[in-house]
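Q: I'd like a close look at one part of this model, with some help placing that part in its surroundings. Could you talk me through it in plain words?

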Amino acid sequence: MDSITKKPFPRALLVLDILAAVSLAVALWMALVYAPRELVMGDVQRVFYFHVASAWTGMLGYLLAVITSIAFLRTGKMNLDVASLAGIEIGLVFTALCVISGSIWARPIWNTWWTWDPRLTTAFIMELIYAAYLLLRRGVEDPAQRARLSAVYAIIGFITVPLTFLSIRIFRTIHPVIFGGEASVGSSNFVMSSQMLQAFLFSLFAFTLLFAAFYWHRLRLGLRQQQIEAIELQRRQDEEEE
Amino acid sequence: MTPDTTAYMIAGFSVILIGVIGYMLSLVVRNWMINHRQRK
């Protein structure tokens, strides 16, 4: 086994894990207790803090994936392929949580679990495109070819990320536009008080730490997987030669 | 009058927290499986 598989658990990662867990607990307290209840929507509006933070975390994952994919195509380093996969996997988990929590928020406010609104539709398409990325990887056996195809796919798939982000500004939508939108009767927009804004910003911070911790863990896992697969492949080839 | 939407709030937070814990557990399980493969 080579050096990375033998590496001990980094102390910095342990500190990051603890910081992420504590920040998440504080963010939960701020969302549930510190921030005031929104008068029109009631308590369900509190989902907003974690709903947006989940979307932010997901997009962070996709952004890292596209950066590492471009870097992979330029350098051919297989570790960058692992980094890209880690970003997309975490992105998928958090955008799924964002979509589901948004659907729960929508039920009492829009009187429906789901509607084909531009924001919901683009988010759903983005989720499907990145889910297909995982299927693509399963379909290609050769690691080098798999990495190249995945990198190209991740770069093309990233088009859906800014499209999803900007959809509420480009198209007519019933989805709230909190920053730059107008709070009016009949819309689900709302004006944030200073305590709401603090809870929102702290949630973004906590989820960013959580993302960093997950990303680091997933990267370590991916690199170890990659090394073990290489060793097993080498062993099989040696056996065949004998 | 402010509507009572507490049940939806609980459901929303539950989904996110269960998802986060679930992903964390998946990392732990996969790590355990890698250790097992490495020992073989």
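A: What follows starts with one helix and then works outwards. Residues are counted from 1 along each chain as its sequence is written, while chains get letters from A and ligands get numbers from 1, in the order they are written. This is a predicted model, so local features need pLDDT of at least 70 and side-chain atom pairs count only at pLDDT 80 or more, but totals for chains, interfaces and linings use all residues.

Let's zoom in on helix H6 of chain A, residues 143–157. Helices here are DSSP runs of H or I with at least four residues, strands are E runs of at least two, and both are numbered from the N terminus. H6(A) has 15 residues, so at 1.5 Å a residue it should span 21 Å, and its end C-alpha atoms are 20 Å apart, which agrees. (The expected span is 1.5 Å times one less than the number of residues.)

Which side of this helix faces inwards? A:Ala147, A:Ser150, A:Ala151, A:Ala154 and A:Gly157 are buried. Buried means 20 or more other C-beta atoms within 10 Å of a residue's own, exposed means 12 or fewer, and partly exposed is in between, with C-beta atoms placed from the backbone. Looking down the axis of H6(A), the buried residues fall within an arc of 135°, so they line one face; the arc is that of the directions from the helix axis to the C-beta atoms. On the face turned away from them sit the exposed residues A:Ala144, A:Gln145 and A:Ile156.

What covers that buried side? H3, H4, H5 (118–139) and H7 (160–170) of chain A are included. Just before H6, the loop between H5 and H6 of chain A holds A:Val140. A:Val140 counts as partly exposed because it has 14 C-beta neighbours inside 10 Å. Leaving aside neighbours within four places in sequence, A:Val140 is in contact with A:Gln145, A:Arg146 and A:Leu149. Contact means that the C-beta atoms, placed from the backbone, lie within 7 Å.

H6(A) also feeds into something bigger. The largest nonpolar core has 62 residues, and A:Val47, A:Ile88, A:Ala199 and A:Leu210 touch the most other members. Such a core is a set of buried Ala, Val, Leu, Ile, Met, Phe, Trp, Tyr and Cys residues joined through C-beta atoms within 7 Å. H2, H3, H4, H5, H6 and H8 of chain A, along with H1 (6–39) of chain B, each supply at least two residues of this core. H4(A) gives the most, with 15 residues. One link back to our helix is A:Ile88: not counting residues up to four places away, A:Ile88 touches A:Ala154, as well as A:Gly61, A:Tyr62, A:Ala65, A:Tyr130 and A:Tyr133.

And the partner chain? Chain B has one helix and zero strands, and its C-alpha atoms fill a box of roughly 65 × 10 × 5 Å along the principal axes. Of its 40 residues, 22% are buried. In all, 28 residues of chain A are in contact with 21 residues of chain B. On the chain A side, H3 (47–75), H4 (78–110) and H8 (194–241) each supply at least two of the touching residues.

Technical notes:
Contact = placed C-beta atoms within 7 Å.
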